Structure formats: structure tokens, C-alpha cells
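Trainee: Could you walk me through one part of this model closely, and then show me how its surroundings fit together? I am new to it, so please explain the terms as you go.

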Amino acid sequence: MRYQAVVPGRFLARPNRFIAQVEAEGAVQTVHVKNTGRCRELLIPGAAVYLEKNADPRRKTAYDLVAVQKGELLVNMDAQAPNRVFAEWLIPQLPTGAVLHREYRYGESRLDFCVESPRGRCLIEVKGVTLEEGGAARFPDAPTERGVKHLRELQRAAEAGLGAALFFVVQMEGMESVAPNDETHPAFGAALREAAAHGVRVCAWDCAVTPESLEIRREVPVLL
């Protein structure tokens, strides 16, 4: 996936989870942060960031913050990007006759995708990962009761005989592994291990990241 009209900037502050102040194009801009997570290790005053300029006059902000430089590591932090890049990656691999449904209702949740084919249904939930510690990626960066709920629905689907998978899209390159962030949300880690033990496939792929693009690159080990 590609962004249009990307400009560099320097992060200044984040007054709330939806907006940030960024120095770009010769002025201080109020920009939309496309990630409601904490991102404390990313959005540090002075950090180099990248903005996508939007010309829609109906918008309150003219820019979206889509990526940030963390040392030598460029991290895409657009929370909408994982589903987009996953669909781009998956669709060419679908077998003949398979259909990809988005926002698929199952039980009490709306899961990201369902692949329906002559072989049956496979439910897929995608999670974007932006937290890096010592060359390894971890999820989540903040407690996510919604994530726990999704895992429980995937587990029920697997126990009912359906295909079920949790797919981590690591929004950076070169991570050695992905693991649940038990210190931040132990319930998510416990639910992930239980789901995996009951037939939910858990996998992760990292991404090639540039200021203008994001592309799924290679599989990364998941440590449960």
C-alpha cells in the first residue's frame, strides 16, 4: 500500500490521543494521529515523523501522522494500515472460488476477515504491532479488552470446526520475534495461549516500511 503527498516533520507534542503538534512545511501543524494507542516510546519530542497531506476541505486537520523514526528503525503507526496491507497480500494467494469478506460478524464480534471457499470458512483477526523492545516486537502496547474478546471468538470458531487465525502485522522491519506483552496486559497473553492451544493459528509477518509505503515482507516467529 502507498501513501500520497508525504512530507517530513518533527514531533512536538500530543495534546490528546487523536491529535499531535508537528513542525512541518515551515509551521507548527495540528495533525491527526492514526493510532489511538499509547505509542509513548515512539512519539518523543523531537522525533522525525512523516505526514500524509490530505486536501479534503471537510477535514479539521490537513495531515495524518503515518510513520515515525525510532533510532534507525522506521515504524509505520497507521492503525488502518494493517488491514489494508494484509488484504493486498492475501487476495492474490486465495484459491479459485474463494471469497474474502471484510468486517465479518461471528458470535458477538465483528472480525476483520473471513475467507469463504469450497473447503469452508476461515475467520481472521489482524493486529498491527508497533511496540519494539531490544529487536523484538510485542503486542499490545496498552490493555485491549477488545483484543481478548476477539481471541475468545476465534477460539469458539476453532472449537466449532472452522478455520481461525490471528495475524500480527508487524509495522516495522527486521524483528527477531513477536510475543504477547504480558506486563502490560496479562489477560491478552493468557487468552492468546489458550486460543492457540485450542486450534487458533497464530502467525506474524513483518513489513518493509518507507515513508510512502508499507508492504508485508516475511514471517516472524511468534513466542507464546
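Mentor: Let's start with Thr61, which, apart from its neighbours within four places in sequence, is in contact with Thr30, Val31 and His32 (contact means heavy atoms within 4.5 Å). Please keep in mind that this is a predicted model: local features need pLDDT of at least 70 and side-chain atom pairs count only at pLDDT 80 or more, while totals for chains, interfaces and linings use all residues. Residues are numbered from 1 along each chain as its sequence is written, and side-chain values use heavy atoms, with hydrogens and water left out.

Thr61 sits in the loop between strand S4 (48-53) and S5. Helices (H or I, at least four residues) and strands (E, at least two) are DSSP runs, numbered from the N terminus. Is Thr61 buried or exposed? Thr61 counts as buried because its relative accessible area is 14%; the cut-offs are under 20% for buried, over 50% for exposed, and partly exposed in between, with a 1.4 Å probe and protein chains only.

Moving along the chain, we come to Asp64, which belongs to strand S5 (residues 63-70). Asp64 has a relative accessible area of 4%, so it is buried. Its side chain makes a polar contact with the side chain of Arg59, at 2.8 Å. A polar contact is a pair of N or O atoms within 3.5 Å; within protein, one must be able to donate a hydrogen and the other to accept it, and residues adjacent in sequence count only if both atoms are side-chain atoms. Leaving out neighbours within four places in sequence, the residues in contact with Asp64 are His32, Lys34, Tyr50, Leu51, Glu52 and Arg59. His32 is also one of the contacts of Thr61.

One of those contacts of Asp64, Leu51, leads us to the nonpolar interior. Val22, Leu51, Leu65, Leu123 and Phe168 touch the most other members among the 48 residues of the largest nonpolar core. Such a core is a set of buried Ala, Val, Leu, Ile, Met, Phe, Trp, Tyr and Cys residues joined through side-chain atoms within 4.5 Å. H2 supplies the largest share of this core, 5 residues. There is also a second, separate core of 28 residues, which includes Tyr3, Tyr50, Val66 and Ala165. Tyr50, as you may recall, is one of the contacts of Asp64.

Leu123 deserves a pause. It lies in strand S9 and is buried, with a relative accessible area of 0%. Leu123 and Leu162 are 39 residues apart in sequence, yet 7.5 Å apart in space, C-alpha to C-alpha. Not counting neighbours within four places in sequence, the contacts of Leu123 include Tyr104, Phe113, Leu154, Ala157 and Leu162.

Leu154 and Ala157 are among the buried residues of H2, so let's look at that helix. Helix H2 (residues 145-159) has 15 residues and spans 21 Å from its first C-alpha to its last, close to the 21 Å expected; the expected span is 1.5 Å times one less than the number of residues. Its buried residues pack against strand S7 (99-106), strand S8 (109-117), strand S9 (120-129), strand S12 (163-170) and helix H3 (186-197). After H2 comes Gly161, with a positive phi near 95°.

Two other backbone spots are worth finding. Most residues other than glycine have a negative phi, and most peptide bonds are trans. Glu25, in the loop between strand S2 (19-24) and S3, has a positive phi of about 50° although it is not a glycine. A cis peptide bond, with omega about 0°, joins Phe139 and Pro140, and Pro140 is in the loop between S11 and H2.

Phe139 also takes us to the largest pocket: it is one of the residues that lie nearest the pocket's centre, along with Asn35, Thr36, Ala79 and Arg146. On a 1 Å grid over the protein atoms alone, a cavity is a set of points where a 1.4 Å probe fits but cannot get out, and a pocket is an open set with protein on both sides within 12 Å along at least five of seven lines; lining residues have an atom within 4 Å of a point. This pocket is lined by 33 residues, and the largest share of them, 5 residues, comes from S9, the strand that holds Leu123.
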